[in-house]
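Here is a walk through one structure, taken a step at a time. Keep the sequence and the view side by side as you read.

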Amino acid sequence: MVKTRVIQNTDLEVSSLAYGCWRLAGTWDKKKVSSENLDHGVRAVLTAIDAGYTLFDHADIYCSGIAETIFGQVLSENPSLRDRIFIASKCGIRFPGNPNPTSPQRYDFSAEHIIKSCEESLLRLNTDVIDLYQLHRPDYLMNPAEVANAFEQLHKQGKVRFFGISNFSPSQVDLLSRAHSAICCTSVHQIEISLMQRYALEEGILDQCMLKKMTPLAWSPLAGGVLGDDYQPSEEQFKKYPTLKETHRVLDKIAKEHDTTRSIVALAWLLKHPAGIIPIVGSVNPNRIYHLTNADDLDLSREEWYSLLLAARGIPLP
Ligand SMILES: NC(=O)c1ccc[n+]([C@@H]2O[C@H](COP(=O)([O-])OP(=O)(O)OC[C@H]3O[C@@H](n4cnc5c(N)ncnc54)[C@H](OP(=O)(O)O)[C@@H]3O)[C@@H](O)[C@H]2O)c1
C-alpha cells in the first residue's frame with residue numbers, strides 16, 4: 001500500500017511516490033512511435049495506477065504530446081479513474097522549428113504560450129482540469145506579473161487547480177512568488193535530485209522549499225537508471241559519475257542489511273529528507289513500477305543517510 005502525502009498549500013493528498021510519464025511513448029521522436037509503443041505506454045499507466053501511484057507527472061513536450069495522448073486514452077477508456085488520481089503537467093520549453101522552421105530552441109513564459117499550452121494539454125489528457133501545472137524551465141525573459149496573470153486566468157476558468165515550477169534558482173523562485181496572489185502561489189518545485197545529483201541539497205533549493213512550504217518533486221530520482229537494481233553503467237556513465245562504483249557498494253551494503261534492493265535504498269535516501277520530497281519514478285517496466293512502491297517503507301537511519309551522502313560526494317564533509 002503506497003503511503004500518501006499532502007502537497008503543501010493545497011488539499012491534494014497524493015502518493016508519496018509519483019509516476020513520471022516522460023518515457024511512456026518509448027521514444028522522444030513522434031515519428032518513431034509505433035502501435036506497440038502506444039500499447040506499452042497504456043499498460044505502464046494502468047500498471048502504475050494498480051500499483052498505487054496517484055500523482056502522474058507530464059509535460060507538453062514529452063514525445064511532442066504523445067505521452068499525454070496515451071494517458072488521455074487511458075482516461076477515455078476508464079473515465080472513473082480520473083477521480084482517483086492527480087494530474088501534473090508542464091509547459092514553457094519550445095523546441096526549434098516551432099512554430100516556424102526558423103524558430104530557435106527557447107523557453108516561453110508569455111501568457112499566450114502558457115494558456116495555449118495548457119489548453120492543448122487538457123485536450124490531449126482528456127480531462128477538464130490539471131491538478132498541478134508547472135513551469136518547466138526558467139525563461140530568461142520571464143515577466144512575473146505576466147505569469148501570475150496567466151495563472152489567475154487558468155485558475156479562474158477552472159482549468160488548473162494549483163501551480164508549480166521546475167528547475168528554478170532560489171532567486172527566480174523569489175521573483176515569481178512576489179507577483180503571485182495567495183491562490184496562485186507555487187505549491188511544488190520539481191528539481192533534479194538523487195544521490196548522483198545533489199545541487200538542490202547543497203545550494204539552498206531544498207531549504208527554500210521548506211521555508212516557502214513548497215513540496216519538492218524529485219525528477220530522475222535514480223539518476224536515469226544508474227542507481228537501479230542490476231543496472232550495468234556504461235564507461236561514459238562511470239566517467240560522468242566518478243563516485244558511482246562506491247555509491248553502488250554502499251547502497252548494496254545497506255540494501256542487504258534491510259533485505260531490500262539498491263533502488264529502494266536510493267529512493268529512501270530522498271524520502272528521508274524533512275522537506276518531504278516526492279520522487280517521480282520513471283520506469284515503464286511493470287516489475288519495477290510495482291517494486292519501487294516499497295521505498296516509503298524503508299526509514300534509513302541518520303548514519304545510513306550520511307554514509308550514502310559521503311559515498312556519493314567522494315570527498316569528506318567540511
Ligand atoms: N522537470 C524536468 O526538467 C524533468 C526532467 C526529466 C524528467 N522529469 C520527470 O521525472 C520523471 C522520472 O525521470 P526518469 O525517468 O529519468 O527517472 P529515473 O527513475 O531516475 O530513471 C528511469 C529510467 O531508468 C531505467 N532503469 C534501468 N534500470 C532500472 C531499475 N533497476 N529501476 C528503475 N529504473 C531503471 C528505466 O528503464 P525501464 O523503463 O526499462 O525500467 C528508465 O528508463 C520523468 O518521467 C518526468 O516526469 C522531469
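Start with R288 and the ligand. In this predicted model, a polar side-chain atom of R288 sits 2.6 Å from an oxygen atom of the ligand. R23 makes a similar approach: one of its polar side-chain atoms also lies 2.6 Å from a ligand oxygen atom. D57 takes part too. A polar atom of the D57 side chain is 2.7 Å from an oxygen atom of the ligand.

Now widen the view. How many residues surround the ligand? There are 27 of them. The closest are R23, D57, S220, S283 and R288.

S220 deserves a second look. Where does S220 sit in the chain? It is in the loop between β11, residues 215-219, and α8, residues 235-240. Its backbone stands out as well. The phi angle of S220 is near 45°, a positive value in a residue other than glycine. So keep two things in mind for this one residue: S220 is among the closest residues to the ligand, and S220 has a positive phi. Another backbone feature is found at P99. Which kind of peptide bond joins N98 and P99? The bond is cis, with omega at about 5°. P99 belongs to the loop between β6, residues 93-94, and β7, residues 106-107.

A third loop holds V33. This loop runs between β3, residues 18-20, and α1, residues 35-51. Find C63 next. V33 and C63 are 30 residues apart in sequence, yet their C-alpha atoms are 8.7 Å apart in space. C63 is also one of the residues that V33 touches. Leaving aside residues up to four places away in sequence, the others are A25, T27, L38 and I66.

Turn now to the helices, and begin with α9 and α12. Helix α9 covers residues 244-257, and helix α12 covers residues 302-313. Their axes come within 8 Å and cross at roughly 160°. Why are the two called roughly antiparallel? Angles over 145 degrees count as roughly antiparallel, and α9 and α12 are therefore roughly antiparallel to each other. Their crossing is left-handed. On the α9 side, the contact is made by E246, T247, V250, L251, I254 and E257. On the α12 side, E304, S307, L308, A311 and A312 take part. By class, the residues of this contact divide into 6 nonpolar, 2 polar and 3 charged.

The next pair is α3 and α4. Helix α3 spans residues 111-125, and helix α4 spans residues 144-156. They pack at an angle of about 30°, with their axes 9 Å apart. Angles under 35 degrees count as roughly parallel, and α3 and α4 are therefore roughly parallel to each other. α3 passes α4 in a right-handed crossing. Who meets whom? From α3 come A111, I114, I115 and C118, and they meet E146, V147, A150, Q153 and L154 in α4. The contact of α3 with α4 has 7 nonpolar, 1 polar and 1 charged residues.

Finish with α5 and α7. Helix α5 runs over residues 170-179, and helix α7 over residues 205-212. Their axes are 10 Å apart, and the helices pack at an angle of about 25°. That angle makes α5 roughly parallel to α7. P170, V173, D174 and S177 make the contact from α5, while I205, Q208 and K212 make it from α7. Sorted by class, the residues of the contact of α5 with α7 are 3 nonpolar, 2 polar and 2 charged.

Technical notes: Residues numbered from 1 in each chain as written. Predicted model: local features only at pLDDT ≥ 70, side-chain atom pairs only at ≥ 80, totals over all residues. Heavy atoms only, no water. Axes fitted to C-alpha atoms, helices over the stretch in contact; angles between N-to-C directions. Helix = DSSP H or I, 4+ residues; strand = E, 2+ residues; numbered from the N terminus. Parallel < 35°, antiparallel > 145°, perpendicular 65-115°, else oblique. Left-handed = near helix turned anticlockwise from the far one by under 90°. Contact = heavy atoms within 4.5 Å. Nonpolar A, V, L, I, M, F, W, Y, C, P; charged D, E, K, R; others polar. Near = heavy atom within 4 Å. Polar contact = N/O pair within 3.5 Å; in protein donor to acceptor, adjacent residues only side chain to side chain.
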